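I opened this notebook to record what I looked up, entry by entry. The topics are strand pairing, backbone exceptions, cysteines and surface.

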Amino acid sequence: MPIHRAGSKQLKEIKQLKSRRGSLVLSALLGLTLLWTFFSVQKVIARHKPLPSQLRAQTQANQLSDHLAAMDFHPGQTWRDTDGDTMQAHGGGVIYHEGVSYWYGENKAGSTYTAYSLGYSPPRVDVIGVSVYSSTDFVRWTYEGLALKGGTHPDIDPSMVLERPKVIHNRQTGKFIMWMHIDTADYELARTGVAVSDSPIGPFQYQGSFRPHGQQSRDFTVYADTDSGMGYLAYSSENNRVMHISALTPDYTHVTSTYTRLFVNMAREAPAMFKYKGVFLVATSGCTGWEPNKLEVFWTRDPLGDWKSLGNPCTGGSDLENAFTFFSQPNFVMAVPEHPGSFVFMADQWDPEDLSASRYVWLPMWVDDNADAQHDAEVSAWTHLNPFSSTRTVAPVVVEVRWYDAWSMSHLSMNQTSRQTQQQDLKAMSVDSHRGQVKQLPY
């Protein structure tokens with residue numbers, strides 16, 4: 001065989017060998033690459049795979065979300081009636097009559113604007129009227145229409161101010177009496193208006209307005225004491241520096257000559273009166289316009305007598321939330337017949353930019369007997385006999401308004417011990433699902 005052919009054959013075999021070796025090397029490199037990629041992916045997966053504690057945290061977070069969603073009340077959230085419309089019952093109150101509850105309030109389903117271009121001009125909505133809703137469970141409310149329509153009297157012309165309507169039932173006459181704050185757009189009129197109806201859903205017939213005892217009357221409430229039959233009107237007066245309480249006439253449509261001045265120079269407004277075991281209480285706010293401030297509750301055994309402070313009953317939120325009444329203003333305290341000693345604290349979260357969008361804050365309120373008051377009674381005899389001792393008045397009750405992101409009427413049946421236990425349980429359920437750590441929410 002010619003030499004050049006032999007060399008060519010060997011060269012060809014060498015190239016084929018190198019090619020096979022190259023393929024093996026490439027295969028090996030590819031295999032190593034795939035192996036490295038596999039373990040890298042597994043490492044990434046392992047790094048991002050939830051730990052058992054994180055899985056538990058997520059499960060607890062889901063349970064808490066479901067737990068809250070199942071509750072009846074969600075304070076500060078949009079509340080809709082049975083037709084799906086946003087409820088318009090601002091600054092109002094509730095009465096209970098023949099198994100049905102009726103919720104009255106300002107209908108502000110209009111445009112928010114300021115009446116004057118110069119100086120301070122409070123936001124307003126033209127008077128539409130007073131809405132009334134009915135319910136048998138305090139949760140689902142049916143719109144019954146306007147119990148009192150605006151524009152039917154000069155006092156309630158659209159250009160006027162109609163605020164904080166309250167209705168009480170007179171058992172002697174069978175009439176339903178609506179009281180309201182009547183004012184001009186500059187809040188200089190400061191009068192109280194009255195309307196009367198034979199039915200809780202109206203129509204209410206407007207009777208006119210007046211200044212009780214010739215004094216200014218702005219933020220107010222009315223209260224009918226079912227034990228004595230007496231009616232009371234509490235209102236912010238004297239440029240909102242002093243609160244007055246007047247006794248009502250037997251038909252609840254006017255005031256008698258009897259009244260008292262209280263909270264002098266304390267600038268309290270938005271009163272909401274209620275009663276527990278012979279003790280009258282009133283929740284009040286400070287005077288800061290549409291902005292929230294600290295709630296303060298007072299007590300007495302005689303509405304026309306001396307009142308003493310119980311301080312701020314708000315708890316369950318942050319220090320700031322408690323100090324500013326959960327960014328709301330009280331409008332009413334509703335007694336719940338099925339839960340004696342428990343109440344629903346009703347308040348408004350005002351939106352000065354859009355008053356129609358202002359939301360409602362309903363929270364459980366408990367009034368408990370004060371153990372210190374019993375001790376005080378036991379030593380009172382010795383105190384009076386000892387000329388060197390100082391007398392003091394211990395409040396007979398303690399009041400608590402507690403924040404919940406969501407709650408149900410069953411909460412009202414809890415005593416102090418069970419409330420504390422539930423508080424601990426809810427904090428334990430509140431978790432940070434991203435870090436798997438317990439997170440304390442404002443309950």
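**Entry 1. Terms and model.** I count two strands as paired if DSSP finds at least two bridges between them. I note that the model is predicted.

**Entry 2. The open sheet.** I looked up the strand order and found five strands in an open sheet, β19-β23-β22-β21-β20, with mixed pairing. Its edge strands are β19 (314-315) and β20, each of which pairs on one side only. I then followed β20 to its partner: it pairs with β21 (residues 342-349) in the antiparallel sense, over six bridges. Within this pair I located Phe332, whose bridge partner in β21 is Met346.

**Entry 3. Val344.** I stayed in strand β21, where Val344 is placed. Is Val344 buried or exposed? I list Val344 as buried, because its relative accessible area is 0%, and the cut-off for buried is under 20%. Leaving aside neighbours within four places in sequence, I found Val344 in contact with Phe332, Val333, Met334, Val336, Trp362, Leu363, Trp407, Met409 and Leu412. For one of these, Met409, I also took the C-alpha separation from Val344: 9.1 Å, at 65 residues apart along the chain.

**Entry 4. Strand β13 and its two partners.** I checked burial along β13 (residues 242-248) and found the strand mostly covered, with seven of its seven residues buried. On one pairing, β12 (residues 231-237) runs antiparallel to β13 over six bridges; here Tyr232 has Ala247 of β13 as its bridge partner. β12 and β13 form a hairpin with four residues between them, and Glu238 in the turn has a positive phi of about 50°. On the other pairing, five bridges join β13 to β14 (residues 255-262), again antiparallel, and Ile245 stands opposite Thr260 in β14. The hairpin of β13 and β14 has six residues between the strands, and Tyr252 there takes a positive phi near 65°.

**Entry 5. Backbone exceptions.** I kept a general expectation in mind: most residues other than glycine have a negative phi, and most peptide bonds are trans. Which peptide bond did I record as cis? The bond from Gly202 to Pro203 is cis, with omega near 10°. Pro203 lies in the loop between β9 (191-197) and β10 (205-210).

I next noted Ala190, which has a positive phi near 50° and sits in the loop between β8 (176-183) and β9. I class Ala190 as buried because its relative accessible area is 0%. Phe326 also entered my list, with a positive phi near 55°. I found Phe326 in the loop between α3 (319-323) and β20 (329-335), and it is buried at a relative accessible area of 3%.

**Entry 6. Surface patch.** I looked up which residues make a nonpolar surface patch of about 270 Å², and found Leu320, Phe324 and Phe327. Of these, Phe324 is placed in the loop between α3 and β20. I class Phe324 as partly exposed because its relative accessibility is 33%, and the partly exposed class lies between 20% and 50%.

**Entry 7. Cysteines.** How many disulfides does the structure hold? I found zero. I also compared accessibility for two cysteines: Cys287 counts as partly exposed at 30% relative accessibility, whereas Cys314 is buried, with a relative accessible area of 8%.

Technical notes:
Residues numbered from 1 in each chain as written. Predicted model: local features only at pLDDT ≥ 70, side-chain atom pairs only at ≥ 80, totals over all residues. Heavy atoms only, no water. Helix = DSSP H or I, 4+ residues; strand = E, 2+ residues; numbered from the N terminus. Buried < 20%, exposed > 50% of the residue type's maximum accessible area, 1.4 Å probe, protein only. Disulfide = S-S within 2.5 Å. Patch = residues over 30% accessible without salt bridge, like charges linked within 9 Å, V, L, I, M, F, W, Y side chains within 5 Å. Areas by Shrake-Rupley, 256 points an atom, 1.4 Å probe, with all protein chains shown as cover. Salt bridge = Lys/Arg side-chain N within 4 Å of Asp/Glu carboxyl O. Contact = heavy atoms within 4.5 Å.
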